Protein chains: 2
Amino acid sequence: MAESSRITARNRVRADARRNRERVLVAARVVFAEHGIDAPMATVARRAGVGVATLYRHFPTRDALVRGAFAQQMETCARALTEALAAPDPWQGFQQLVETVCALQREERGFPAAFLAAFPESTSEHAQARQRAERDFTTLVRRAQAAGALRADFHPSDLAVVLLAHCALVTALPDDGAASRRLVAYLLQSFRADSANRPLPPPTALTLRSFPIATDSPQRRRSSSA
Amino acid sequence: MAESSRITARNRVRADARRNRERVLVAARVVFAEHGIDAPMATVARRAGVGVATLYRHFPTRDALVRGAFAQQMETCARALTEALAAPDPWQGFQQLVETVCALQREERGFPAAFLAAFPESTSEHAQARQRAERDFTTLVRRAQAAGALRADFHPSDLAVVLLAHCALVTALPDDGAASRRLVAYLLQSFRADSANRPLPPPTALTLRSFPIATDSPQRRRSSSA
DNA sequence: GTCCAAGCGGACGATCGCGTCCACTTAAGA
DNA sequence: TCTTAAGTGGACGCGATCGTCCGCTTGGAC
């Protein structure tokens with residue numbers, strides 16, 4: 001208590017510094033959404049209305065910036081997992097989890113790449129969080145399988161497959177999310193033990209031609225060349 | 001006849017030029033496989049043992065190089081579609097087609113991105129080929145649905161969804177293809193009208209952590225930083 | 001109001017990829 | 001063998017991005 005309210009020598013952070021840090025985070029989300037996480041650092045700085053040095057002081061590496069920008073989304077993912085575990089019906093929990101994470105990837109452009117980028121990190125703190133997430137998800141899977149709702153041969157690693165594939169889809173397409181919803185629905189259906197035919201969301205208007213990809217790799221926005 | 005065997009003024013192509021062109025194509029496939037299609041042109045040139053100028057003369061743009069390097073694979077795709085149409089069982093044809101294209105994407109690293117990159121192109125020649133491919137695939141889908149094997153709500157555009165998602169998967173993972181096979185199997189299963197539970201290929205050993213992705217976008221190889 | 005260190009911004013040198021230009025080499029017809 | 005134009009290679013200029021350095025500004029304690 002005293003610790004958090006007292007202004008100590010260590011605790012002094014100038015108001016403008018804190019404000020700038022926040023501005024940078026907001027700008028980063030916007031810029032990453034528009035140009036992908038490879039966008040020049042200078043662009044983020046300009047957008048935030050600060051100098052490059054300021055940006056680099058707060059976030060020494062691009063990685064730190066990405067992590068900072070999407071910390072909130074990562075938090076949401078973690079919460080979704082907790083809620084899924086707490087759900088009375090494990091299949092409901094499972095389905096909800098996949099859909100929540102995918103929806104997040106879909107809505108916050110730039111997040112998908114960041115989401116994936118966050119995982120190889122081996123900070124002891126992060127490693128711990130990741131291990132816990134993996135353990136929890138495995139528990140969820142086992143429960144859903146025990147309930148006879150999730151197919152027995154589903155493997156926890158399949159989540160990685162799904163998320164990676166889905167990530168690419170939403171990053172590559174400046175879409176309303178139709179493709180994403182379509183893919184998720186297909187996959188969730190084949191994950192069900194009974195694999196009943198449930199209605200799918202409407203098909204996308206996509207043609208192969210409609211990909212906004214030229215020479216660039218699919219992960220890149222091409223807003224600059226448009 | 002005479003036209004093809006006769007050496008005309010227009011036809012003269014020096015032997016070394018032809019040889020270099022071929023070397024460049026081979027080098028391009030190797031380099032693109034290793035570093036992605038964003039790899040520096042100079043790297044391709046060095047690998048081919050030719051100068052940059054030579055490379056640029058044969059392929060004025062990166063796009064032309066990519067197209068040239070993977071022309072054979074595109075050809076294979078086209079043939080697969082033709083064969084699928086000719087198959088007695090339309091579902092067999094459909095399945096075969098998806099698996100062939102995905103296998104191709106899986107085996108020839110760098111091809112997936114190239115494959116997608118090839119489509120937005122609007123050369124009249126290419127546009128025609130593409131239109132035909134779309135028409136043929138739609139026919140195949142209708143037949144498979146009429147046979148009661150493919151679910152009625154499958155839409156031809158779903159192919160684009162599948163290929164894009166799959167493309168990202170194989171590009172991002174320096175994998176033995178387990179993830180790719182897994183995804184394809186899941187999807188094909190949910191494409192079946194009956195959605196019977198058939199055995200899946202074995203699960204991958206993947207963890208979220210195992211993605212070879214740092215700050216880079218998932219499409220990038222990171223061999224340089226390894 | 002005064003002071004000073006935390007904070008700031010932008011200039012700068014370094015690095016990298018691109019695509020062109022030009023002087024040299026060589027295949028191949030006569 | 002001679003000729004010549006197609007073919008070649010690498011140096012070069014350009015532009016983008018990176019990350020640092022340094023002199024100026026300003027919050028906030030006293």
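A residue is near a strand here if one of its heavy atoms lies within 4 Å of it. I keep that cut-off at the top of the page, since I use it for both DNA strands. I also note that I am working with a predicted model.

**Entry 1: DNA strand C**

I began with the protein around DNA strand C and found 21 residues there. Those that come nearest are A:Arg14, A:Asn20, A:Ala53, A:Thr54 and A:Arg57. I then looked at the DNA side: sugar and phosphate make up 64% of the strand C atoms that come within 4 Å of the protein.

Which residues have a polar atom by a phosphate oxygen of strand C? I wrote down A:Asn20, with a polar side-chain atom 2.4 Å from a phosphate oxygen. A:Thr54 has a side-chain N or O atom 2.5 Å from a phosphate oxygen of this strand. Chain B appears in my list as well, through B:Arg62, where a side-chain N or O atom is 2.9 Å from a phosphate oxygen of strand C.

Next I asked which elements give two or more residues to this surface. They are helix H2 (15-35) and helix H4 (52-58) of chain A, along with helix H2 (15-35) and helix H4 (52-58) of chain B. H4(A) gives the most, with 5 residues. Sorted by class, the surface near strand C has 10 nonpolar, 5 polar and 6 charged residues.

**Entry 2: DNA strand D**

I turned to DNA strand D and found 19 residues around it. Here B:Arg14, B:Asn20, B:Ala53, B:Thr54 and B:Arg57 come nearest. Of the strand D atoms within 4 Å of the protein, 65% belong to sugar or phosphate, and bases supply the rest.

For the phosphate oxygens of strand D, I noted B:Asn20, with a side-chain N or O atom at 2.3 Å. B:Thr54 places a side-chain N or O atom 2.7 Å from a phosphate oxygen of the strand. From chain A I noted A:Ala15, where a polar backbone atom is 2.8 Å from a phosphate oxygen of strand D.

Which helix gives the most to the surface near strand D? I found H4(B), with 4 residues. H2 and H4 of chain A and H2 and H4 of chain B each supply at least two residues. By class I have 8 nonpolar, 5 polar and 6 charged residues near strand D.

**Entry 3: H10 and H11 in chain A**

I moved on to helix packing. In chain A, I took helix H10 (residues 157-172) and helix H11 (residues 178-191), whose axes come within 9 Å and cross at roughly 165°. Angles over 145 degrees count as roughly antiparallel, so H10(A) is roughly antiparallel to H11(A). Their crossing is right-handed.

On the H10(A) side, the contact is made by A:Val162, A:Ala165, A:His166, A:Leu169 and A:Val170. H11(A) brings A:Ala179, A:Ser180, A:Leu183, A:Val184, A:Leu187 and A:Phe191. My tally for this contact is 9 nonpolar, 2 polar and no charged residues.

**Entry 4: H7 and H10 in chain B**

In chain B, I looked up helix H7 (residues 90-107) against helix H10 (residues 157-172). The axes of these two helices come within 9 Å and cross at roughly 25°. Angles under 35 degrees count as roughly parallel, so H7(B) is roughly parallel to H10(B). H7(B) passes H10(B) in a right-handed crossing.

H7(B) makes the contact through B:Val98, B:Val101, B:Cys102, B:Gln105 and B:Arg106. The partners in H10(B) are B:Leu159, B:Leu163, B:His166, B:Cys167 and B:Val170. The residues of this contact divide into 7 nonpolar, 2 polar and 1 charged.

**Entry 5: H10 of chain A against H10 of chain B**

How do H10(A) and H10(B) lie to each other? Their axes come within 8 Å and cross at roughly 115°, and the two helices are therefore roughly perpendicular to each other. This crossing is right-handed.

From H10(A), I listed A:Val161, A:Leu164, A:Ala165, A:Ala168, A:Leu169 and A:Ala172. They meet B:Val161, B:Leu164, B:Ala165, B:Ala168, B:Leu169 and B:Ala172 of H10(B). The class count for this contact is 12 nonpolar, no polar and no charged residues.

Conventions: Residues numbered from 1 in each chain as written. Chains lettered and ligands numbered in written order. Predicted model: local features only at pLDDT ≥ 70, side-chain atom pairs only at ≥ 80, totals over all residues. Heavy atoms only, no water. Polar contact = N/O pair within 3.5 Å; in protein donor to acceptor, adjacent residues only side chain to side chain. Nonpolar A, V, L, I, M, F, W, Y, C, P; charged D, E, K, R; others polar. Axes fitted to C-alpha atoms, helices over the stretch in contact; angles between N-to-C directions. Parallel < 35°, antiparallel > 145°, perpendicular 65-115°, else oblique. Left-handed = near helix turned anticlockwise from the far one by under 90°. Contact = heavy atoms within 4.5 Å.
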